[in-house]
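Subject: Structure handover

Hello,

Here is the structure for you to look over. My notes follow below it.

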Amino acid sequence: MFLRKAWYLAAWREEVTDRPFGRTVLGERLVFFRTRDGSPKAVADRCPHRAFPLSMGTVEGDHLRCGYHGLAFDGAGRCVEVPGQSTIPPGCAVRAFPVVERWQGLWVWMGPAEDADPASVPEIAWLDTPGWVTSRGKFDLRANYQRLVDNLLDFSHLQFVHERTIGTDAVAEIPSRTERRGTSLHVQRWIVDRPPPPLFARAGGFNGNVDRWMNCDCHAPANVILDIGCAVAGSGALDGDRRRGIEIRSIHLVTPETATSTHYFWGYARNFAREDAAMTELLANGARATFAEDVAILEAQERRLTSARGAPEVDINGDGAPIQARRILGALIAAETAGQRRDGAPERVS
Amino acid sequence: MFLRKAWYLAAWREEVTDRPFGRTVLGERLVFFRTRDGSPKAVADRCPHRAFPLSMGTVEGDHLRCGYHGLAFDGAGRCVEVPGQSTIPPGCAVRAFPVVERWQGLWVWMGPAEDADPASVPEIAWLDTPGWVTSRGKFDLRANYQRLVDNLLDFSHLQFVHERTIGTDAVAEIPSRTERRGTSLHVQRWIVDRPPPPLFARAGGFNGNVDRWMNCDCHAPANVILDIGCAVAGSGALDGDRRRGIEIRSIHLVTPETATSTHYFWGYARNFAREDAAMTELLANGARATFAEDVAILEAQERRLTSARGAPEVDINGDGAPIQARRILGALIAAETAGQRRDGAPERVS
Amino acid sequence: MFLRKAWYLAAWREEVTDRPFGRTVLGERLVFFRTRDGSPKAVADRCPHRAFPLSMGTVEGDHLRCGYHGLAFDGAGRCVEVPGQSTIPPGCAVRAFPVVERWQGLWVWMGPAEDADPASVPEIAWLDTPGWVTSRGKFDLRANYQRLVDNLLDFSHLQFVHERTIGTDAVAEIPSRTERRGTSLHVQRWIVDRPPPPLFARAGGFNGNVDRWMNCDCHAPANVILDIGCAVAGSGALDGDRRRGIEIRSIHLVTPETATSTHYFWGYARNFAREDAAMTELLANGARATFAEDVAILEAQERRLTSARGAPEVDINGDGAPIQARRILGALIAAETAGQRRDGAPERVS
């Protein structure tokens, strides 16, 4: 089940150039393209004539042309040309999906177009803000998106999965504070006066212990922004003074592809050593390696779940935030589904 | 659904030599072999003992021997030997399928053997006629055979799919004339006084415009012969005088392998420059490249259809002939199925 | 359907070292590990927390630690640690399976643990007996285990499948004597005064005819020991004097992985030329090549069966022993299933 009335990051901006770009979101095959003025468009990736994928066609001016019989469509999904005839057959159109370019990416609205409000695209400012240097990338995760959200909201796996980068022995023992804010979740955790993890030790040049913060914001349906960093132990970070530390935004934009696969977009932003290319490379490599470890873990988990989905699971203390996030999203999906039923629209089974 | 009472091209003659040759036709696994006098035989590719594929066995004289326990069968499917015992167990036989060698190929009859009339093998003379030089080949198409018949009956895709060989800008705009002849369909199209397509320009050495004909015969279930060519514009081709032109038979023998895969046999015959090996190579390469473009298109289409088979399709003007062909074949299959029901035989679900 | 109350060979001893070792038996994913004293343990390969495969974790002392959130389990499947909390959640355990190390391998009991009697591990002494030199190996067979048992109980395929190693023309014609002993089957066959098969001719240096014996013991569910060999013709082997011959135990320990895949463990033991490394290599290579031929045959058979499982099969004389073995095993499974029903436990569908 997916929440449909939501903006999902569908592509980094540079992925969509002068050719049609096919991508599946919430199980729907979409094709993205740009009109002459660069505006991004998204329509269903299936010609209404004989089902040929429009992503294998061409962009001509403001139109997308099918690569089989040459039917052309505009960004609203209307057929504007059928070669060999002067009229357009009734019903010859593809569904268009609202799409907005923001924060270096293309965001698509998967609910009814009339409900799409570009102002409600989530604010992921650190992807595109002066004063911050950001690396970003994408993984194709062969697992349900909920596995990844669970993972991002649970810090206790760091010491078992990420010991080479951001894990330390201390993480699992230290409790966190979870707070709900509307349909978002805010989780805070401090690790005080302990050795820094390997990646931060190198990035910050710390010789001794640090005070380390891990603040997590999870916005439904599935975008997670981590405010992480550490400062010299006792230097005031606990009171908000981060001047003797390093500060990072670890950004995770999670878009379901199908029920068992996920587009995992990530960014890693910093506001220190901004001119230092070696630092950029260190952090980008560190982030990528860390998230790749998660991908491997989650895909193994998914394979095991696939063979017996629905078998009972035992919860532990560290599951507090993931369980709350599941509840928030579950309630949003249930409300959306109930609304569809009231409207007489069919319930979508995803 | 397949038409079973029909001859299908199962193999080019050189594919079946002195070893068993396995091939699936209409979803049935068959094994072809030749007896000592060269006669082709076809039986079910499954030993009745323990289901071992007979195509992994050997041919011994007039018999096919299983590669596991050595049971031997004759071309009528009768078991003639069980090693280690002197009697043949009752019911120890495989179904035999009538097979005829003609037009450089082996044709198999998939209906009841008693209905098989070798005289009804379709006449594809250009594959094997003095005065014509023919190249031929085969594609393994991972798509339903109906996609390919649709494609062959529709000329409008030429300018979008085959612009490097036989496509020109003009094709889609020019109307065609479709005529039904029994269970066959005849489609005619003239492109008058226009530039030749790239492949024909090279083959015919045309410097100026040509009159180009595209005549298509589609014989149910799924064999399509194109009479194509062009002549110097105004040189009389419209009135039947093709002497200042080039003439080709483009032959497409379409045999369903399964519901989603097809044996696509093709031939390309000419009656000009018959001693010119470079011409043979030019045309064979051009044909193969053109048909490979279709294969790529059709497989992409099939993948999209597979994810939502039965979704509505919009028809356009160019679909006239394909829709008629579907109707002819649909009626033949329906009649055959009704006949089976009347006979008390079970309906085949393919 | 599998017999669950049985010991199955799950791994050769050297496969399980200081890291968790995942293997599926009877469709159940298991993880094997050793405690500090070397004792083998086996538990379900799925963390009860979030289903992560424990085989991707680590062994720490006597415990198995999950590689995701660090839960630790002992060899009895009890959770002994949840990082970050002092109590173990109720129900946080994995099923443990009795496992015994014997005859160079780890044997697992797939029925209720309380029924497991280590004394009932099958006696495969030649794997681990002074006076015998044994090669062993394993194939991953993509076929139902019953196919392999059928194959091992039927000598008539030797001349068709194994003509390069142990097949001779004579095998299929010579009858065998089958005797049931409890839930085991004993099959005897003599080939008297005939040329030796290629492998035995080389191993024994025979110049003339031999008397060859092929004695087969099949122990339910699926372990087959062959006492095979040959001696100079007329030298007394028929009366039990094997001194002028060579003697081999060909050992086949067959463990179902899933309904369509099998762990095929094999051993090849001899009591002659024990110091001769070239002989060891000759026989190991010969055995491996022979069994690989069976694997290829059985996988082809399985693929054909998969497309129409349950289609009728015709029996031949050579099927006597395989059919008896199927009956013995079928009766054991039926009795076990009936017992489970009486106990109120659910029937297992495999």
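How many of the nine residues of helix H1 (residues 145-153) of chain A are buried? Nine of nine, so the helix is mostly covered. They are A:Tyr145, A:Gln146, A:Arg147, A:Leu148, A:Val149, A:Asp150, A:Asn151, A:Leu152 and A:Leu153. Buried here means that 20 or more other C-beta atoms lie within 10 Å of the residue's own; 12 or fewer is exposed, anything between is partly exposed, and C-beta atoms are placed from the backbone. Helices (H or I, at least four residues) and strands (E, at least two) are DSSP runs, numbered from the N terminus.

Ground rules

This is a predicted model: local features need pLDDT of at least 70, side-chain atom pairs count only at pLDDT 80 or more, and totals for chains, interfaces and linings use all residues. Residues are numbered from 1 along each chain as its sequence is written, while chains are lettered from A and ligands numbered from 1 in the order in which they are written.

Confidence

The predictor gives an ipTM of 0.90 and a pTM of 0.91 for the complex. In chain A, pLDDT (the predictor's confidence in each residue, from 0 to 100) averages 92, and 96% of the residues score at least 70. Residues 346-350 of chain A fall below 50. That stretch has nine contacts in the model beyond near neighbours in sequence. A contact means two C-beta atoms, placed from the backbone, within 7 Å.

Assembly

A turn of 120° and a shift of 0.1 Å along the axis lay chain B on chain C, with an RMSD of 0.1 Å. This is the relation of a three-fold axis. The superposition is by least squares on the C-alpha atoms of residues with pLDDT of at least 70 in both copies.

Chain B puts 19 residues into its contact with chain C, which supplies 17. The chain B side divides into ten nonpolar, seven polar and two charged residues. Between chains C and A, 19 residues of chain C touch 17 residues of chain A. Here the chain C side holds ten nonpolar, seven polar and two charged residues. For these classes, Ala, Val, Leu, Ile, Met, Phe, Trp, Tyr, Cys and Pro are nonpolar; Asp, Glu, Lys and Arg are charged; the others, Gly among them, are polar.

One residue to look at is C:His69. It lies in the loop between strand S6 (63-65) and strand S7 (72-73) of chain C. C:His69 is buried, with 24 other C-beta atoms within 10 Å. Leaving out residues up to four places away in sequence, C:His69 touches A:Ser156, A:His157, A:Phe160, A:Ile316, A:Gly318, C:His49 and C:Pro83. C:Pro83 is 14 residues from C:His69 in sequence, and their C-alpha atoms are 7.4 Å apart.

Strands

Chain B has an open sheet of three strands in the order S1-S11-S10, with antiparallel pairing. Its edge strands are S1 (7-12) and S10 (99-102), each paired on one side only. From one strand to the next the twist averages 30°. Axes are lines fitted to C-alpha atoms, for helices over the stretch in contact, and angles run from 0 to 180 degrees between N-to-C directions. Five bridges pair S1(B) with S11 (residues 105-109); B:Trp12 has B:Gly105 as its bridge partner. Two strands count as paired if DSSP finds at least two bridges between them.

In chain C, look at strand S15 (residues 223-232). Eight of its ten residues are buried, so the strand is largely enclosed by the rest of the structure. S15(C) pairs antiparallel with S14 (residues 210-219) over ten bridges, and C:Arg212 is matched with C:Cys230. A hairpin of three residues joins S14(C) to S15(C). Nine bridges join S15(C) to S16 (residues 245-258), again antiparallel. There, C:Gly229 stands opposite C:Glu247.

Backbone points to check

- The A:Ala220 to A:Pro221 peptide bond is cis, with omega near 0°. A:Pro221 sits in the loop between strands S14 (210-219) and S15 (223-232) of chain A.
- B:Ala220 and B:Pro221 are also joined by a cis peptide bond, with omega about 5°.
- A:Trp103 has a positive phi of about 55° although it is not a glycine. A:Trp103 is buried, with 24 other C-beta atoms within 10 Å.
- B:Ala51 has a positive phi near 70°. B:Ala51 is buried too, with 23 other C-beta atoms within 10 Å.

Best wishes
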